[in-house]
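This report looks at how the two parts of a protein chain meet. The structure is shown first, and the description of the domain interface follows.

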Amino acid sequence: MTTIYNFSAGPAVLPKEVLQQAADEMLNWHDSGMSVMEMSHRGPEFMSIIAAAQKDLRELLNVPENYKILFLQGGGLGENAIVPMNLLGRKPQPAVVDFIHTGSWTGKSIKEAQKYAQVNIAASGESSGFTRVPSRDSWKLTQDAAYVHLCTNETIDGIEYQFTPDVTVETNGAPIVADMSSHILSRVIDVSKYGVIFAGAQKNIGPAGLTIVIVRDDLLGHALPICPSAFNWSIVAENDSMYNTPPTYAIYIAGLVFQWLKQQGGIAAMEQKNIGKSALLYAYLDASDFYENRVAKDCRSRMNVPFFLKDETLNTAFLAAAKERGLLQIKGHKSVGGMRASIYNAMPIEGVKALIAFMQEFASAHA
Ligand SMILES: *Cc1c(COP(=O)(O)O)cnc(C)c1O
């Protein structure tokens, strides 16, 4: 049987060991006689599952004591509204939000924030075709913004921050809100440099339906009156993410992924693997005259690698041949075109090697 490698941008590949364990426990979790899907979220079984998931995530990301970890729903796009509704109350209305516009996802965040806030685009990569993060010294931030919004990995454009802005020097003291949906847990981060981190689970954590928010304590309690209670971070925090029914099965799978990450050696070890995998693929693309990646070298994403065939008339044949070889979901996002290989934590280096071997063969056959 052909080995399958799934390069989907999201929902995306999960570790085989995790899926196998979930299958083994599907009908009867730990002799409880129930599937996790059938359990009361307030019963002792599920309470132990969510507590372990929280604790493991805190340990993996080294989340300081003065930050809450919340398990929500609504996805990354939901947070585009939930974030302003929770943070704008820190300032007189209409409050200002600074954005660093780096591509498709910040574009959506900006549009949504405009419903609630006065948006200042402090820097934009649009003139570069979103092939780089605008250099830090070009950011034109306002004096008293409620927060500064960044997307630290632009999943569609394939660009990633290789630095963390300094709040005192670079954001005029405004807290940083980071959309880390597509690279959370892929690299070591210093959580204390951020006010809020959010991520939809379906890229690098677990199944769709779970959204993780990590928020510093002093940013709680400033929600606008219109904020729905189920999305009010203070209320969710006070209720240990149980104000309403949380996405229980997704939390269970995420918890298994956290245990798997610990077995892999934690985030520092994952980061080394991710550096190795992405370097291999970029080195091949840069050496090739058949394919290309257009992102500035110091801004390339380790998770999402968009690339183009120089002869785009071969795209359909390329995708069909890749699928035949068990290399799935490499088609680029429709807004960018071309191809995209997403190589999240659960993609083994063997998958990247198989992709490169296939690309080499395809290039020789069509040279
Ligand atoms: C996928 C993604 C989102 C959107 O997530 P949904 O769960 O579909 O709302 C937001 N931001 C980034 C960076 C993403 O990759």
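Domain bounds here come from an automatic or database domain assignment, and they are applied to a predicted model. On that basis the protein is divided into domain 1, spanning 18-263, and domain 2, spanning 265-365, and the C-alpha centres of domain 1 and domain 2 lie 27 Å apart.

The interface can be described first by its extent, with 25 residues of domain 1 in contact with 26 residues of domain 2. The size of an interface is often given as the accessible area lost when the parts come together. For domain 1 and domain 2 the buried area is about 2100 Å², and carbon and sulfur atoms give 53% of that area.

Turning to specific interactions, the rule finds one salt bridge across the interface of domain 1 and domain 2. R132 forms a salt bridge with D298, and the closest N and O atoms of this pair are 3.8 Å apart. Across the interface of domain 1 and domain 2 there are also 16 residue pairs in polar contact, counted where both residues have pLDDT 80 or more.

On the side of domain 1 that touches domain 2, β7 (159-160) and α7 (248-263) each supply at least two residues, and the largest share, four residues, comes from α7. The residues of this side of domain 1 divide by class as follows.

| Class on the domain 1 side | Count |
|---|---|
| nonpolar | eight residues |
| polar | 11 residues |
| charged | six residues |

Terms used. Residues numbered from 1 in each chain as written. Predicted model: local features only at pLDDT ≥ 70, side-chain atom pairs only at ≥ 80, totals over all residues. Heavy atoms only, no water. Contact = heavy atoms within 4.5 Å. Buried area = accessible area lost by both parts, 1.4 Å probe. Salt bridge = Lys/Arg side-chain N within 4 Å of Asp/Glu carboxyl O. Polar contact = N/O pair within 3.5 Å; in protein donor to acceptor, adjacent residues only side chain to side chain. Nonpolar A, V, L, I, M, F, W, Y, C, P; charged D, E, K, R; others polar.
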